[in-house]
Amino acid sequence: MRCYLIKLSSLSYMASSLDVGMPICFSAQSSLGAINYNILEPQDFIAVYYESPIDKICALWQVVGDVTENSFSFTKVFEVSVGIEIDRVLKDQLDNQNIIEISEDFLKKIKKGLFCHMADLLHTDNAEDRRVHQSILFGAPG
């Protein structure tokens, strides 16, 4: 299992409306040219970074198969509306490649950050804030 970070346009990303656990076939074009997905293998994890105006990592996918040069199938592990920011170095790398390999330790930090955001939103003291935030979380209950 390897781990990756992928950059997607936040304005055209449609997988947010799809349920967790459903296999999805993904392909994308880039202004940088073709994105070669042959590096991916089933069971690899992909942290999803949405570019401006969101500029945050908000989702985690797992590759389930059907990897070709131009596409792959994945399941959405979870997604949050309030993501985590990345540093300038990673942004620069994503500006040049759109998908980069990351360490398993870095993926663990991403997961922890996303789960902390979910926990913070679910434990809000203000009932109105809790209702609003819970309506924009994506993923399995709990």
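Is R88 buried, partly exposed or exposed, and what is its relative accessible area? In this predicted model, R88 is partly exposed, with a relative accessible area of 49%. The protein in which R88 is placed contains three helices and six strands, and from the N terminus on these elements follow the order β-β-β-β-β-α-β-α-α. Of its 142 residues, 39% are buried, and the accessible surface amounts to about 8100 Å², with 51% of that area belonging to carbon and sulfur atoms.

Seven salt bridges are present in the structure. The side chain of R88 forms one with D92 at 3.0 Å, N to O, and another with D95 at 3.8 Å. R88 and D92 both belong to helix α1 (residues 88-97), where four residues, about one turn of the helix, separate them. D92 is partly exposed at 36% relative accessibility, and D95 is likewise classed as partly exposed, at 37%. These three residues take part in a network of salt bridges that also includes K7 and E51.

A further salt bridge joins the side chains of R2 and D44 at 3.7 Å, N to O. Because R2 lies in the segment before β1 (3-8) and D44 in the loop between β2 and β3, this pair ties together parts that are 42 residues apart in sequence. R2 is partly exposed at 27% relative accessibility, whereas D44 is buried, with a relative accessible area of 1%. The side chain of D44 also reaches the backbone nitrogen of R2 at 2.8 Å, and, leaving aside neighbours within four places in sequence, the contacts of D44 include Y4, I39 and W61.

Note on methods:
Residues are numbered from 1 along each chain as its sequence is written. This is a predicted model: local features need pLDDT of at least 70, side-chain atom pairs count only at pLDDT 80 or more; totals for chains, interfaces and linings use all residues. Side-chain values use heavy atoms; hydrogens and water are left out. Buried means under 20% relative accessible area, exposed over 50%, partly exposed in between (1.4 Å probe, protein chains only). A polar contact is a pair of N or O atoms within 3.5 Å; within protein, one must be able to donate a hydrogen and the other to accept it, and residues adjacent in sequence count only if both atoms are side-chain atoms. Contact means heavy atoms within 4.5 Å. Helices (H or I, at least four residues) and strands (E, at least two) are DSSP runs, numbered from the N terminus. Accessible areas come from the Shrake-Rupley method with a 1.4 Å probe; for residues, only the protein chains shown count as cover. A salt bridge is a side-chain nitrogen of Lys or Arg within 4 Å of a carboxyl oxygen of Asp or Glu.
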